[in-house]
Amino acid sequence: MSVFRTYKSLILQKPVWKKIAEEISLEVSLGRWTVGSIIPNEIDLAKRYKVSRDTMRKALTYLTQQGLFERKPHIGTRVKSRTRTGKFLSELDGIRDIDHYGNQYPRKIQNVTQLVVDEELTERLSLKPGDLVIRFKNIRVASEKVQETVVVTYVYIPTEAAEVLEIVKKRPEELIITLAEEVLGRECDEVKQTFSGTIMPDEVADLFKVPHGTAALKIIRNYMDVRGRTIVASESFHTADRFSFSVAVKKKKY
């Protein structure tokens with residue numbers, strides 16, 4: 001097994017407590033527990049999520065450090081914020097972790113179409129004008145039972161990577177970029193990202209079931225090989241009130 005394959009398998013082995021933390025974080029962002037309310041105790045939560053109390057304690061401690069909760073003796077765990085205010089980008093260990101937020105949720109692929117890259121797409125996504133690409137909507141939902149939209153992504157892949165659309169049905173837990181690398185035989189060497197505030201397109205707002213004109217966080221990503229050729233390009237939309245990150249910078253000492 002190559003070093004690259006070994007690396008990919010290692011990053012998929014996420015600690016159970018962190019998976020639980022992500023599930024709880026999502027539930028808070030979706031309004032299961034409102035800001036200021038007290039959530040169930042460790043024992044009850046451990047039973048609900050079918051994990052040990054120690055695992056649940058680690059998850060809650062982590063989310064408390066991230067600013068989601070406030071824990072006080074004899075009172076319990078209170079919801080402090082709907083979104084984590086701790087690290088996000090600074091926690092990423094590699095290229096695959098960039099898609100960490102959305103990849104933990106079930107995927108739905110819709111509206112597969114083939115198109116020629118025009119000037120507008122070239123400017124917006126840094127795609128090569130005149131190239132033939134496949135575009136589809138990659139929708140992540142809260143769970144198989146709770147079909148609430150978490151993130152909407154428009155994905156663009158080369159037409160020669162069309163096989164990805166069949167493979168993803170058999171391997172739904174894997175990232176599109178990972179599958180595209182295998183099909184094309186090219187490894188991702190660099191990811192360019194652009195984060196910006198925007199207004200949701202009406203189609204996206206309808207998927208989130210929010211009013212037209214709702215604010216959103218838009219993330220454009222371009223996954224490129226060592227020669228600078230695009231393997232996958234994507235444009236993701238998150239509701240602005242469910243997604244935030246902050247970065248702390250310390251003065252360098254000389």
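Start with the whole chain: 44% of its 254 residues count as buried. This is a predicted model. Colour by secondary structure, and the chain shows nine helices and eight strands. Show the surface next. About 14200 Å² is exposed, and carbon and sulfur atoms supply 52% of that area. Now think about contacts between residues at least 6 apart in sequence: 60% of them join residues at least 24 apart.

**Stop one: a pocket**

How is empty space found? Rolling a probe the size of a water molecule over the atoms shows where it is left. Go to the second largest pocket, with a volume of about 460 Å³. Select Leu-127, Lys-128, Asp-131, Arg-229 and Thr-230; of the 24 lining residues, these are the closest to the pocket's centre.

Which elements build the lining? Select α6 (119-125), β4 (132-141), β5 (149-158), β6 (190-199) and β7 (215-224), since each supplies at least two lining residues. Strand β7 gives the most, with four residues. Colour the lining by class: nine residues are nonpolar, six are polar and nine are charged.

**Stop two: Asn-222**

Stay on strand β7 and select Asn-222. Is Asn-222 buried or exposed? Its relative accessibility is 4%, so Asn-222 counts as buried, the cut-off being under 20%.

Show the side chains of Asn-222 and Thr-230. A polar contact of 3.0 Å joins them. Thr-230 is also one of the residues closest to the centre of the second largest pocket.

Finally, show what Asn-222 touches beyond four places away in sequence. Among these residues are Leu-125, Ser-126 and Leu-127. Glu-190, Val-191 and Lys-192 are also on the list, as are Val-232 and Ala-233.

Note on methods
Residues numbered from 1 in each chain as written. Predicted model: local features only at pLDDT ≥ 70, side-chain atom pairs only at ≥ 80, totals over all residues. Heavy atoms only, no water. 1 Å grid on protein atoms, 1.4 Å probe; cavity = no way out; pocket = protein on both sides within 12 Å on 5 of 7 lines; lining within 4 Å. Points joined across faces, edges and corners; volume = space filled by probe spheres on them. Nonpolar A, V, L, I, M, F, W, Y, C, P; charged D, E, K, R; others polar. Buried < 20%, exposed > 50% of the residue type's maximum accessible area, 1.4 Å probe, protein only. Polar contact = N/O pair within 3.5 Å; in protein donor to acceptor, adjacent residues only side chain to side chain. Contact = heavy atoms within 4.5 Å. Areas by Shrake-Rupley, 256 points an atom, 1.4 Å probe, with all protein chains shown as cover.
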